[in-house]
Amino acid sequence: MGTRRYILSKVLQALLTLAFVMVFNFFLFRVIPGDPAALLLRGTAAYNQQNVEQVTHDLGLDRPLPQQFLVYVEDTLTLHFGDSYFLQGQDARQVISERIWPTLLLVATSTIASAILGLIIGIYSGWRRGSRFDVGAQGFTLFVYSMPEFWFGILVLMAFAGGVGPFPSLFPAGGYATPGADLTGLAHAADVLNHLALPWFVLVVAYMGEYSLIMRNSLIDVMNDDFVMTARAKGVREKQILWRHIVPNAFLPTFTLVLLSLGFIFGGAITVEYVFSYPGLGLLTVQAIDSKDFPLLQGLFLLFSAAVIIANLIADILYSRLDPRVRAG
Amino acid sequence: MRRGTRFQLAVALMLAGAFASAAMAQVALAQETTGATGSTADDNQKVVFTWAETSEPDTLNPMAAYSAISFYFWTASYHMPVDFDVDFGAQQPSPEFDGFDSGLVTDIAYTDDAMHFTYTIRDDLVWSDGEPLTAQDVAYTFNLYKNNHAYLPQNYLTLLDGDARVVDGNKVEFDTTEPTSLYKGAAPYMYFYILPQHVFEPIEHGNCPDDSDPCNPKGYGNVPSVSSGPFFIAEYKVGEFVRLERNEFWKGPEPAIDEIVYRIYKNDDAIATALQTGEIDFAHITTPNIFNTLKTAENIDTMVGSIPSFSEIGMNTGSAYQDKEGAFVPHGDGHPALTDVVVRRAIRMAIDSQALNEQVMLGYGVPGDSIIPPVSVAGARWEPTGADKLGPDIEGAKQLLEDAGYVDSDGDGVREMPADSVDPGRPLDFRYFVRTSEQTSIDAAPFVSEWLQEIGIKTEVTALNSAKLTDVINAGEYELFSWGWYPDPDPSAQLALFKCDQRPPDGKTYGNNDAYYCNPEYDQLYEDQLGATDQDARWEIVHQAQKIFYEDSPYAVMWYDPIFSAWRSDRFTGYIPQPQPNGDPLEGWGGISEVWLSLHPVAGSGAGAAEAKGISPAVWAILAGVLILIVAIVLIRRRRTVDEDA
């Protein structure tokens, strides 16, 4: 199959998947039990029958389902998801877009950092298999991989935001920036950085284990291949064998994982966002599910799906460049 | 230089550059906040009061909001017609603030038939954009709420006959469809806020000051707000904070704080940490255990207060067995035993509210009985005493069931329905639903189940999320459930929930009356209290309604909820608990709350300015230096190795 044709077929597949997701999203959230209007009002002083009916009307949920679907399709095609139910009067698109930057800042950068660190640890660990470094790294990566992010986050929060014993509190306990501090330029950037530090650290530590373990195992597999022995027999230096021959071949599975992880960065990091009250898309999703906020849910899941589909598309295309056998068939 | 070394050098330089940038940014941050963080209250720096909870406002527009948290922003910015005082009575001018009166209405006149009311409106208030607040604003707001079905306010305007009108320039008059004491002003019944006509009238015509789309009175975001109180809502960042600034046209007592910042945290651990490190000055906590840790913390004061909120065990009093009436058609599959008031009373008697409060609420709540909580408008609550009290009495409950023919004939520990009942011999085996989102409801279940087991009633406990439980209740497919209510200080709205016509009607549609309680005598009492023209007579009727409800026991109220408050004792002082002496220190109910005028920094405390926190530039610089050092060592070692190889 020619490269152009291969790419075209993958793009078409991605578009079809996206269209399916768009339709599926509408019905998916309406299957969740509970009436959104009653759910919004329950536990408040406004919870009564008249208000439930009025809210149902104001949200347009008293219209027939086919009509709601048509409105949804029309709105979604113009990327206008309607007003949030829970955050009344707030445009869902606006609410989502305000959370994209903090989410990318936290999840994208921590994913990349954890991937780099994990790869480096995995490479050295695999290359020096059985060494003290390997044993230590294995223990560490297995521990951080299996460790609940929530638990680690709480510990980090208590240690570095609360301070322990004589060690003072270093970072803020939560949020994206200090409200009311009137900071601009570099000072604002520093303030954002300070708020980012702890959740970022938790995510980097929590994610690096996965990359490290996969890279190490993949590297060990490749190290036993015949071409490595051939290279040694030809007298190629060990470092060259590692970096020029083993790592590029062992990188493919990790590369897939990194790209797929990047596809999920818009989904945020729910538990870490929760612990550090970080205003990311993950927390917004939880809020939207809790209140059956259809406009927010539809917007969020379309964004998540699109990100994963695009990441897959990029992975497919790049894979075909890295490994021509994929394109062939 | 080899390619690999060049790459490593580039990475090292990038990292060092990043750290250097971070250090520079921190220097900039330190410079910009030096004045703020180092200031004292005497330095004429901006004084900011920062407080926190886990709640997110649904909207800051009184037309559409229903979440309790939104009221804290309105108590600093909008007037009510008749304001609550700290004990939920009608506000009187306060001697502490030079006779400051937070209400809007200076005089109330009504006809003998109590169907025509005239409110005189004060003329000394100015909106935060400089426009005067007049009777026009008051009449307009009444009609705006009533004619646009404002979710919370319209509840208080259902008796109005036609629109409110302005007469004599400074008076608002309106008629009611029936005689009533609700609008006489003896108690602050109309729990809503007066809005600026000059802002909301254009919005009604689609002209919003912001980019609200669709632009209508409910959809309008109301930020920044035009307010009549000492502060206006200046900024709202969803999921992050709400910020209020001073209203420069405010003519009342001058507040000692310049800004109020409400920060939204997602969990109590973070709130407790922020409070201990001084990031925030005040917090409401929801978790008793975390609250306990703050009780012994340095420079932190705590208070457990009461609020008008309760948790109950609801019983299906007969969704499947009651007669068809109006929109209501029998539905569901609830156990027929619960149609018998004897069984419900026995359950009420078996549940030990005192023990639940001690075990589940760690003693911080108040044992429950009536559906009108202790924190209500003065005089509204009825409380069972002496012979009226139903338990806790396991033996009494057993005897009650035994006498009514509910006996355990097969010796399996579970009683069966009497021979002359609709379903003879059916065991008293009940489904009992708790809420996954409410830990205390889950924690109470083992105690309740054990007590019911002791009196011969078997229960199967299932935890559901709120959405699913709402469906189960609407379908009438349950025997027992656990949930709660947050009533108004005035009892009328709470009593209305349990009228016959409030039952979920058809198995799918929502209804307030989740216990399917239907007693025509209760309904009549509700109507009578609405129409009572004398306040004392009204309370008498309200008491009767509560007593009947308690004796019929569709609910077993477990406890009245506490409110946990904690604040930095070294930062601000001047909190005003509502109700006195142990309530919400931020005086969360009413129009203009005096707490926003009385809060002031502790002398020499350095309280106030929003403090941007982080590690010092020196630490960032050290980190950059260490990184460069490590890279340099690695490069030197590598070069040596290469030289040796060569």
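The following exercises, with worked solutions, concern a predicted model.

**Exercise 1. The order of strands in a sheet**

Task: Determine which strands of the open sheet in chain B stand at its edges, and why one side of each is left without a neighbour.

Solution.
Step 1. Strands of a sheet pair through backbone hydrogen bonds, either parallel or antiparallel.
Step 2. In chain B, an open sheet of four strands shows the order β2-β3-β5-β4, and its pairing is antiparallel.
Step 3. The edges are held by β2 (105–110) and β4 (160–167) of chain B; each has a single partner strand, and therefore one side of each lacks a neighbour in the sheet.
Step 4. On average, neighbouring strands of this sheet are turned by 20° against each other, direction ignored.

**Exercise 2. Following the pairs**

Task: State how many bridges join β2(B) to β3(B), β3(B) to β5(B), and β4(B) to β5(B).

Solution.
Step 1. β2(B) pairs with β3 (residues 116–121) of chain B in the antiparallel sense over five bridges. Here B:Tyr110 stands opposite B:Phe117 of β3(B).
Step 2. β3(B) and β5(B) run antiparallel and are joined by five bridges. B:His116 has B:Asp175 in β5(B) as its bridge partner.
Step 3. β4(B) and β5(B) also run antiparallel, joined by five bridges. Opposite B:Val166 stands B:Val172 in β5(B).
Step 4. β4(B) and β5(B) form a hairpin with three residues between them, and in the turn B:Asp168 has a positive phi of about 55°.

**Exercise 3. The two faces of a strand**

Task: Identify which residues of β5(B) form the covered face and which the uncovered face.

Solution.
Step 1. The covered face of β5(B) consists of B:Val172, B:Phe174 and B:Thr176.
Step 2. The uncovered face consists of B:Lys171, B:Glu173 and B:Asp175.
Step 3. Helix α3 (residues 135–147) of chain B lies across β3, β4 and β5 of chain B and runs at about 165° to β4(B).

**Exercise 4. Two packed helices**

Task: Describe how α7(B) is oriented against α9(B).

Solution.
Step 1. Two packed helices are described by the angle between their axes and the distance between the axes.
Step 2. The axes of α7 (residues 341–350) and α9 (residues 394–403) of chain B come within 8 Å and cross at roughly 170°.
Step 3. α7(B) is therefore roughly antiparallel to α9(B), since angles over 145 degrees count as such.
Step 4. Among the residues that meet are B:Val342 and B:Met349 in α7(B), and B:Leu400 and B:Leu401 in α9(B).
Step 5. By class, the residues of this contact between α7(B) and α9(B) are nine nonpolar, one polar and one charged.

Methods:
Residues are numbered from 1 along each chain as its sequence is written. Chains are lettered from A and ligands numbered from 1 in the order in which they are written. This is a predicted model: local features need pLDDT of at least 70, side-chain atom pairs count only at pLDDT 80 or more; totals for chains, interfaces and linings use all residues. Two strands pair if DSSP finds at least two bridges between them. Axes are lines fitted to C-alpha atoms, for helices over the stretch in contact, and angles run from 0 to 180 degrees between N-to-C directions. Two residues are in contact if their C-beta atoms, placed from the backbone, lie within 7 Å. Angles under 35 degrees count as roughly parallel, over 145 as roughly antiparallel, 65 to 115 as roughly perpendicular and the rest as oblique. Ala, Val, Leu, Ile, Met, Phe, Trp, Tyr, Cys and Pro count as nonpolar, Asp, Glu, Lys and Arg as charged, and the others, Gly among them, as polar. A residue is buried if 20 or more other C-beta atoms lie within 10 Å of its own, exposed if 12 or fewer, and partly exposed in between; C-beta atoms are placed from the backbone.
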